[in-house]
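Here are some short exercises to work through with the model open beside you. Try each task before you read its solution.

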Amino acid sequence: MSAILEVTGLSVSFDGFKAVDGLDFSVEEDELRCVIGPNGAGKTTLLDMICGKTRPSAGSIRFRGRELTGLIEYAITRAGVGRKFQNPSTYEDLSVRENLEISHPGRRGIAGCLFAHHSAEVDERIESIAAEIHLADRLQTKAALLSHGQKQWLEIGMLLMQEPALLLLDEPVAGMSAREREVTAGLLQRIAKGRALVVIEHDMGFVGSIAHRVTVLHQGRLLAEGRMEDVQRDQRVIDVYLGQ
Ligand code: ADP
Ligand code: MG
């Protein structure tokens, strides 16, 4: 197995407070990793540093051997790292099709895309991704009219348009119904074939159903890592969750 992502000694402080503190974290090619931990553990901050939103104060982030620290967000996206934030950020006034289309890397902004000629290849990609995210019959629907769960799927679809090799998802099932969670579990398992996924999630049932391995963060540090069934039995993990 080879690592697609290798984070070593990663740290960042906010006003002297160490949000992430000397973290080592690596993800294999094709792996679906879940990151859990109590609120404030540093999970979102870890993703922020990988995608270039937050600059680490120390440490290294290597993606397929290439150092990402110091690169701007756009360059990290171009290198093949996709990031989904907690709240869906779809364009409400645009249709599902248009939202997917403007996410195609060949398109430049909304205007450039809406007036450009559609290539058959881009259309095919849009349609296959729409089917993947269960929105094939909603291509003409404005994003504003989608349910919260459908907006989350659309945003995942927008990321897939960029064909990332590593996808980082922050609480993708927050606010979803039980049925939507189930559908999302299947979706994430399918899109993890051929790429690596890092998913932050609180819903332990959901994590147990999708994760190959689980990383537990606590106070910016690695608390435990391994298969869900082992991590759940780890006394340090139990203590942290009981102490919440
Ligand atoms: P998690 O996602 O695990 O709940 P976060 O990574 O969001 O935790 O936050 C970790 C800690 O860092 C928290 O104490 C949070 O308040 C702090 N933090 C995160 N981002 C910032 C920021 N931009 N400025 C100041 N403090 C921050
Ligand atoms: Mg968070």
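**Exercise 1. Place Ile-72 in the fold and decide whether Ile-72 is buried or exposed.**

Step 1: Ile-72 sits in the loop that links β5 (66-67) to α2 (73-79); helices (H or I, at least four residues) and strands (E, at least two) are DSSP runs, numbered from the N terminus.

Step 2: The relative accessible area of Ile-72 is 57%, so Ile-72 is exposed (buried is under 20%, exposed over 50%, partly exposed in between, with a 1.4 Å probe and protein chains only).

Before going on, note that this is a predicted model, where local features need pLDDT of at least 70, side-chain atom pairs count only at pLDDT 80 or more, and totals for chains, interfaces and linings use all residues. Residues are numbered from 1 along each chain as its sequence is written, chains are lettered from A and ligands numbered from 1 in the order in which they are written, and side-chain values use heavy atoms, without hydrogens and water.

**Exercise 2. Describe the surroundings of ligand 1.**

Step 1: List the shell (residues with a heavy atom within 4 Å); among its members are Phe-14, Phe-17, Pro-38 and Asn-39.

Step 2: Look for polar contacts (N or O pairs within 3.5 Å). Polar side-chain atoms of Lys-43 and Thr-45 lie 2.8 Å and 2.5 Å from an oxygen atom of ligand 1.

Step 3: Turn to the elements: β2 (17-28) and α1 (43-50) each give two or more residues to the shell, and α1 gives the most, with three.

How values were computed. Polar contact = N/O pair within 3.5 Å; in protein donor to acceptor, adjacent residues only side chain to side chain.
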